[in-house]
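Subject: Handover of a structure and findings

Dear colleague,

Please find below the structure that I am handing over to you. My findings follow after it, and I would be grateful if you read them with the coordinates open.

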Amino acid sequence: MLPWLSSPFPTFPPTRIAMDSPNGLLAAGGELSPRWLVEAYRRGIFPWYSDDDPILWWSPDPRMVLRPEQFKLRRSLAKRLRNGGFNITVNQQFEHVINACAAPRDEDAGTWITVDMYNAYVALHRLGIAHSIEVHHADQLVGGLYGLAMGPVFFGESMFSNIADASKVALAHLAGAMQAHGGKLIDCQMHTPHLASMGATTVARETFINYLEQWLPEAAFNVSSHEALSVPASPWLEAVSRYNTP
């Protein structure tokens, strides 16, 4: 039976009990408050559900990740980075980015970014935990991505492109800045051919959890309801917009 989360404090079952089918479904219930979300991500758990569902929490096995140094900067993309006329900003248009990511990708598609999810990540952004990388061309927002930054780990949530390669440009800046300034891992959650083509690979859930325990120790967090929420700082964020292609 799927565990139902009803504690007033963020409490999750061990990820090892997550279902095999559907892959990674761990629990239902709980909240989308910043404290619940921070506790979830640092334990390798994320929310994903539709409007008709309760909040569902997932920890798939295997997990797709991208080590910054393994990002595949192909020659054609490097040329686009140098000569494509792109301008990169960070945290200037977070709500625009998440809205673009939420837009249906075809006529029949819905979106998993519900109103409650949207509000939850905007709240995390205002706390300095969720961040956006924006790609501009001819003074227009044409691509980007958003996710959570905690210490040397970036938990990617979604990306979008309105012109060719725009999301790849955002990811290239993220990976390049992380590699140069101490970032260790980009969490991509689930396997997609698009991410695999850029160097992302799958690892066992246990391996992923071990990474988080090593780089995001519990002592580095404060999720107590009595004190201000805090997460480990991510100095590499400041370098994302300044990354230059080698």
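In what follows, two residues are said to be in contact when they have heavy atoms within 4.5 Å of each other. Please note that the model is predicted.

With that meaning of contact, I begin with F46. Leaving out residues up to four places away in sequence, F46 touches Y41, L56, W57, W58, P60, R63 and Q189. The last of these lies 143 residues from F46 along the chain, yet the C-alpha atoms of F46 and Q189 are separated by 8.6 Å. F46 belongs to strand 3, which spans residues 46-47. Its relative accessibility is 1%, so F46 counts as buried.

Strand 3 is part of an open sheet of four strands, in which the order is 1-2-4-3 and the pairing is mixed. Strand 1 and strand 3 are the edge strands, each pairing on one side only. Strand 1 (residues 4-5) runs parallel to strand 2, and the two are joined over two bridges; here L5 stands opposite G29. Strand 2 pairs with strand 4 in the antiparallel sense over three bridges, and A28 has L56 of strand 4 as its bridge partner. Five of the five residues of strand 2 are buried, and this strand is therefore largely enclosed by the rest of the structure.

I turn next to the nonpolar interior. The largest nonpolar core has 52 residues, and those with the most contacts inside it are W57, Y121, L148, M150 and F155. Several elements give two or more residues to this core, among them strand 2 (25-29), helix 1 (34-42), strand 4 (56-58), strand 8 (140-150) and strand 9 (153-161). The largest share, six residues, comes from helix 4. A second, separate core has 33 residues, including I88, L145, C188 and M198.

M150 illustrates the surroundings of one residue of the largest core. Apart from its neighbours within four places in sequence, M150 is in contact with V38, Y41, R42, F155, L216, F221, V231, P232 and S234.

Helix 7 also gives two or more residues to the largest core. Its buried residues are R205, F208, I209, Y211, L212 and W215. Viewed down the axis of helix 7, these buried residues fall within an arc of 150°, so they line one face of the helix. The face turned away from the buried side carries the exposed residues E206, E213 and Q214. The cover over the buried residues of helix 7 includes helix 1, strand 5 (63-66), strand 9, strand 10 (185-189) and strand 11 (201-203).

A further buried position is S167, in helix 5 (residues 166-180). Its relative accessibility is 6%, so S167 counts as buried. Not counting neighbours within four places in sequence, S167 is in contact with M159, F160, S161 and H194.

As to the cysteines, which may concern you at the bench, the count of disulfides comes to zero. C101 is in no disulfide, and the nearest cysteine sulfur, that of C188, is 14 Å away. A disulfide is a covalent bond between the sulfur atoms of two cysteines. The sulfur of C188 is too far for a bond, because the closest cysteine sulfur, in C101, is 14 Å from it. Both cysteines are buried: C101 has a relative accessible area of 5%, and C188 has one of 14%.

Finally, I draw your attention to some backbone features. The peptide bond from S21 to P22 is cis, with omega near -5°; P22 lies in the loop between strand 1 and strand 2. Another cis peptide bond joins D61 and P62, with omega about 5°, and P62 is placed in the loop between strand 4 and strand 5.

Positive phi values occur at N91 and D165, neither of which is a glycine. For N91, phi is near 60°; the residue lies in the loop between strand 6 (86-90) and helix 3 and is partly exposed, with a relative accessible area of 26%. For D165, phi is near 75°; this residue is found in the loop between strand 9 and helix 5 and is partly exposed, with a relative accessible area of 25%.

Yours sincerely

Key. Residues numbered from 1 in each chain as written. Predicted model: local features only at pLDDT ≥ 70, side-chain atom pairs only at ≥ 80, totals over all residues. Heavy atoms only, no water. Core = buried A, V, L, I, M, F, W, Y, C linked by side-chain atoms within 4.5 Å. Buried < 20%, exposed > 50% of the residue type's maximum accessible area, 1.4 Å probe, protein only. Arc of directions from axis to C-beta. Pairing = 2+ DSSP bridges. Disulfide = S-S within 2.5 Å.
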